[in-house]
Amino acid sequence: SLKMASDSPESLMTLCTDFCLRNLEGTLCYLLDNETLRLHPDIFLPSEICDKLVNEYVELVKTDSIFEPHESFFTLFSDPRSTRLARIHLREQIVQDQDLEAIRKQDLVELYLTNCEKLTAKSLQTLVSFSHTLISLSLFGCCNIFYEEENPGGCEDDCLVNPTRQVLVKDFTFEGFSRLRFLNLGRLIEGVNVETLLRPLASLAALDLSGIQLNDVGFLTQWKDSLVSLVLYNMDLSEEHIQVIAQLHKLRHLDISRDHLSSYYKFKLTRRVLNLFVENLLNLTSLDISGHTMLENCTIPSMEEKMGQTSIEPAKSSIAPFRGLKRPLQFLGLFETSLCRLTHIPAYKVSGDKNEEQVLNAIEAYTEHRPEITSRAINLLFDIARIERCSQLLRALQLVITALKCHKDDKNIQVTGSAALFYLTNSEYRMEQSVKLRRQVIQVVLNGMESYQEVTVQRNCCLTLCNFSIPEELEFQYRRVNELLLNILNQSRQDESIQRIAVHLCNALVCQVDNDHKEAVGKMGFVMTMLKLIQKKLADKTCDQVMEFSWSALWNITDETPDNCEMFLNYSGMKLFLECLKEFPEKQELHRNMLGLLGNVAEVKELRPQLMTSQFISVFSNLLESKADGIEVSYNACGVLSHIMFDGPEAWGICEPHREEVVKRMWAAIQSWDINSRRNINYRSFEPILRLLPQGISPVSQHWATWALYNLVSVYPDKYCPLLIKEGGIPLLKDMIKMASARQETKEMA
């Protein structure tokens with residue numbers, strides 16, 4: 001079912017929501033005074049649609065860098081008569097006090113505020129306006145919501161020195177929240193009296209006090225007949241805590257797990273405590289004791305433990321206290337405990353570090369609120385993906401994507417997640433992945449590159465992009481990928497390995513794409529960036545992959561793109577060409593790439609006069625004799641000269657070398673090539689070659705063009721015969737055979 005889910009197209013609802021959010025002005029809204037968004041007066045939307053608009057908006061602002069947030073977005077939902085909200089999930093910096101204030105008239109049933117650090121005590125007052133309808137509320141990680149700004153009285157001058165002090169609000173309680181059943185106060189700021197805050201609540205069903213240290217939790221017993229879920233993650237427990245928990249007889253979910261790295265805990269879990277839970281909490285279906293140290297041995301003798309088929313039956317449990325369970329638990333959290341490695345664990349789902357299944361369960365369970373645990377779980381997944389084969393690939397990929405999206409600014413998750421993605425997207429898993437899923441991977445990789453200038457993340461992201469077919473799979477984000485890569489290459493201090501991968505990607509991105517793509521990338525500064533890299537390498541006297549890839553990228557980006565050819569000349573490209581030729585006389589690959597590029601420049605009539613100097617013509621003539629890279633260097637040099645000759649004797653504005661002498665050398669070169677040479681070149685169009693056929697001004701250019709076509713169609717007929725026909729080459733060849741000025745050998749070849 002996972003495969004199907006990831007492959008199915010987005011629902012119409014999702015597509016429409018996305019479209020409207022990206023085009024608010026063109027769809028639901030108009031702009032008042034050129035700045036404030038206003039809803040069209042004839043629009044009425046039910047909560048099913050409004051909830052989705054708000055939740056999707058938050059998601060887009062968080063995960064799509066191109067999406068622009070709107071100052072006045074939340075004001076669109078200020079009037080419940082036209083827009084109804086019921087269940088909304090807001091997160092992080094996206095939400096401010098005035099946004100909640102804007103929707104205060106709504107009858108919210110569910111409000112999740114996760115890590116909304118910009119919210120202050122003003123928002124506590126706004127919450128009161130939802131008190132009569134709210135059933136679920138999360139204030140997880142809203143660390144400033146109990147602070148208000150106090151302005152000390154007195155003179156103006158003093159106010160400038162100390163304009164505002166943050167003071168803790170002591171008098172807020174949940175008085176009047178008569179329907180509130182589910183409450184998450186995770187990571188609540190110290191100093192707030194939890195007991196006083198919660199006392200007015202009549203019947204709580206679920207309470208999350210993650211990351212709060214309470215030494216007395218006796219007040220919890222006031223809900224012993226209603227509380228079904230209790231989370232005390234990272235609370236240092238004591239015997240008193242355990243006695244209170246044991247009285248909460250309705251509990252179905254209990255989480256007393258901890259992050260064993262975060263601080264010192266006095267409490268140790270014992271066999272007696274687990275027995276107490278099993279005996280008293282008869283409804284328990286989910287228990288999390290991750291990160292705990294077991295004080296004594298809770299396991300059955302090892303001989304008995306290893307026997308028989310793996311079983312989840314409580315009677316066979318390897319963990320002795322759990323033999324008292326009436327039925328297997330739905331979930332048991334054992335991450336970073338020794339218990340997860342046992343054979344018989346009485347639970348359908350176990351989080352742990354023993355195998356892929358347990359690790360994926362851990363990532364799934366802890367991603368949203370516990371990035372510190374999740375990053376260690378993803379690190380384990382990374383090892384599994386690297387060393388063994390992942391058996392639940394789609395689930396693994398989706399979980400890592402979710403974690404990377406959810407914690408865009410968490411360095412540990414970005415490092416481990418981007419590394420895991422590299423192994424999860426490599427070729428052996430290729431067949432199992434849908435286009436939609438692979439696009440999601442590309443999106444989170446680009447987000448990572450954007451948010452993190454950190455070397456490891458950048459390298460992992462670039463390496464992951466190498467697992468995709470380029471340019472095809474990156475086409476849908478073409479501009480953005482190029483901008484990010486050029487950004488990496490333009491940084492003053494550079495990591496060698498990243499530089500190499502980024503240049504390789506740039507080169508692949510401009511290979512075999514449409515000219516408008518090449519022009520767009522040229523305008524982004526692509527040509528300049530490559531020339532700068534070449535300049536640096538020249539200064540270091542090194543000719544490595546970066547040098548060769550940079551010339552290759554310039555060759556690709558100038559192909560039939562005159563603007564980019566002109567940029568190459570304007571930024572002293574020819575000077576660099578000569579210097580590289582002089583510095584690296586033996587580097588055949590380099591020579592081939594440089595001459596391929598100059599071939600593109602020579603195809604542009606307006607730019608050819610700039611190649612017409614004694615120095616350049618001599619260099620091209622001498623390269624006719626080059627044996628570098630088979631015939632490629634000689635062939636490209638001859639191509640450059642063929643275009644120059646095509647402009648006729650009157651364009652030959654130099655005394656040395658003589659035009660006739662160069663022509664003679666060109667004939668000699670062409671006659672020395674093997675007509676069956678296999679080629680290191682890729683033509684998307686024959687147009688620049690074909691234009692040299694119907695002319696009598698330069699028979700040698702005509703001969704070079706005919707030789708090129710003959711070689712390509714005879715060595716690679718399947719690829720090039722259709723191209724020759726499609727571009728109208730046949731009638732041009734037939735006409736040329738009738739021309740008096742054409743050489744006999746050219747006609748025979750034609």
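In which hand does α25 pass α26, left or right? To answer that, start with the whole chain. This is a predicted model.

The protein is divided into two named parts. Domain 1 covers 17–149 + 171–188, and domain 2 covers 618–749. Their centres, taken over C-alpha atoms, are separated by 68 Å.

Begin with a hairpin. Strand β1 spans residues 29–32, and strand β2 spans residues 36–39. The two strands run antiparallel, joined by 4 bridges. One pairing to look for is Tyr 30, whose bridge partner in β2 is Arg 38. Between the strands of this hairpin lie 3 residues. Look there for Asp 33, which takes a positive phi near 50°.

Now move along to the helices. Helix α25 takes in residues 614–623, and helix α26 takes in residues 632–645. Their axes come within 8 Å. The crossing angle is roughly 140°. Angles over 145 degrees would count as roughly antiparallel, so α25 and α26 are oblique to each other. Here is the reply to the opening question: α25 passes α26 in a left-handed crossing.

Which residues in α25 meet α26? They are Ile 617, Phe 620, Ser 621 and Leu 623. On the α26 side, the residues they meet are Val 633, Ser 634, Ala 637, Val 640, Leu 641 and Ile 644. By class, this contact has 8 nonpolar and 2 polar residues. Charged residues are absent from the contact of α25 with α26.

Note on methods:
Residues are numbered from 1 along each chain as its sequence is written. This is a predicted model: local features need pLDDT of at least 70, side-chain atom pairs count only at pLDDT 80 or more; totals for chains, interfaces and linings use all residues. Side-chain values use heavy atoms; hydrogens and water are left out. Two strands pair if DSSP finds at least two bridges between them. Axes are lines fitted to C-alpha atoms, for helices over the stretch in contact, and angles run from 0 to 180 degrees between N-to-C directions. Angles under 35 degrees count as roughly parallel, over 145 as roughly antiparallel, 65 to 115 as roughly perpendicular and the rest as oblique. A crossing is left-handed if the near helix is turned anticlockwise from the far one by less than a right angle, and right-handed if clockwise. Contact means heavy atoms within 4.5 Å. Ala, Val, Leu, Ile, Met, Phe, Trp, Tyr, Cys and Pro count as nonpolar, Asp, Glu, Lys and Arg as charged, and the others, Gly among them, as polar. Domain bounds come from an automatic or database domain assignment.
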